[in-house]
Amino acid sequence: MTVSQVNSSSIFRRNPKLAWREIDGEVVIISPDDSILHELNETASAVWHRIDGESGLGDIAKSLAEDYGAPIETVRADVEELAADLSAKNLLLAREGEA
Amino acid sequence: MGRVQKISADARSLYISIGNVSMSLRFFEERLLRSAQARYRDFSGSPCDGIRVTLNDPAGFSAASPRFEYRLRGSHLRFSKRRAEFRNVPHEYALDSLIRILLTVALLPKDGFLLHAASIVRNGKAYVFVGRSGAGKSTVASLSPVGTVLTDEISLLRRTERGWRAYGTPFWGEFRAGGHNASYPVAGIYSLAQAAENRLEASQPKDLLRAMLPCVLFFSSDTGANRALLDVLTSFSQTVAGFRLHFKKEASFWEVVAR
């Protein structure tokens with residue numbers, strides 16, 4: 001999924017095949033199929049924790065903007081870009097029927 | 001010498017123990033048995049409730065579906081609970097590889113794992129030097145006193161009630177000084193980087209995990225197994241002191257590691 005296909009109403013879930021843990025406040029992920037280690041920084045980890053298969057990216061961005069005191073438009077763009085990136089790596093899966 | 005027991009007219013068993021994981025290897029071929037006896041002579045075990053491994057059984061695989069299965073260059077491993085079957089094992093080197101693979105599965109529930117690392121004993125503690133091929137594991141081993149090297153290639157690490165311990169293994173690289181079947185508490189783990197001068201740099205747990213992961217021997221694509229592995233590695237990296245060791249190829253590197 002590309003950034004242009006992702007918007008505020010897009011809903012994602014974490015790939016259930018992944019092994020992931022938080023260490024030093026940051027999420028590390030192993031994809032068993034290829035044994036690649038993925039690392040998320042603190043803010044990406046905050047997004048990862050909020051991905052629940054039900055919340056839209058807009059809601060997640062709003063929650064983050066409140067917690068971090070950041071402009072909602074900036075946060076929304078960053079969240080959508082991150083979701084597209086993680087989706088392209090098969091770490092996140094778009095909910096059925098999502099663009 | 002590993003203990004051998006004749007168990008039938010066609011097969012004999014060799015009992016070994018690596019990192020406190022016991023195995024009975026059941027051979028149908030004298031040649032393979034003899035080479036295994038020599039290779040694992042310092043890792044003798046006793047008949048007990050270990051993993052029962054059958055090699056090249058003329059009867060073929062059992063019908064039971066395996067919990068773990070792996071193919072390696074024509075050889076085939078199947079493992080279910082306490083029983084393993086190896087097929088098409090042409091020589092001791094293939095056997096050695098299959099035992100390593102089996103160990104990675106058997107160690108996981110025991111909070112253990114295999115790591116491409118040299119382990120060297122100093123002052124009663126094990127110093128673990130991790131790195132991919134060419135990083136300097138054998139160099140570090142060759143620059144250490146005779147008799148102090150647990151392994152120069154593959155370290156076996158396990159969490160015990162008293163902390164993490166490094167175990168000697170019969171898995172050797174260029175050093176080839178023979179196995180050292182003993183275990184010691186882990187003093188620290190050092191990610192190797194060859195340099196013009198010796199220098200030590202503390203690693204955060206995440207940095208240590210990043211350095212270790214490409215060097216962990218693991219062959220399962222099962223999600224649960226990978227989660228368990230990540231738990232074990234996370235525990236290790238958060239418990240054991242980790243460092244980046246910039247070292248030159250001289251024994252003086254010990255001056256910055258352990259005085």
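1. A good place to start is the pairing of strand 3 (residues 26-31) with strand 4 in chain A: the two run in the antiparallel sense and are joined over four bridges. Please keep in mind while reading on that this is a predicted model.

2. For a concrete handle on strand 4 of chain A, look at Ile36(A), which is the bridge partner of Ser31(A).

3. Stepping back to the sheet in chain A, three strands make it up, in the order 2-3-4; the sheet is open and its pairing antiparallel. Strand 2 (19-23) and strand 4 (36-39) of chain A each have a single partner strand and stand at the edges, so each has one side without a neighbour in the sheet. From one strand to the next, the twist averages 20°.

4. Now to the helices. Helix 1 (residues 42-50) and helix 2 (residues 57-68) of chain A pack with their axes 10 Å apart, at an angle of about 130°. Because of that angle, helix 1 of chain A counts as oblique to helix 2 of chain A. The crossing of helix 1 of chain A past helix 2 of chain A is right-handed.

5. Which residues in helix 1 of chain A meet helix 2 of chain A? Helix 1 of chain A brings Ala46(A), Val47(A) and Arg50(A), while helix 2 of chain A offers Ile60(A), Ser63(A) and Leu64(A). By character, the residues of this contact between helix 1 and helix 2 of chain A are four nonpolar, one polar and one charged.

Note on methods. Residues numbered from 1 in each chain as written. Chains lettered and ligands numbered in written order. Predicted model: local features only at pLDDT ≥ 70, side-chain atom pairs only at ≥ 80, totals over all residues. Pairing = 2+ DSSP bridges. Axes fitted to C-alpha atoms, helices over the stretch in contact; angles between N-to-C directions. Parallel < 35°, antiparallel > 145°, perpendicular 65-115°, else oblique. Left-handed = near helix turned anticlockwise from the far one by under 90°. Contact = placed C-beta atoms within 7 Å. Nonpolar A, V, L, I, M, F, W, Y, C, P; charged D, E, K, R; others polar.
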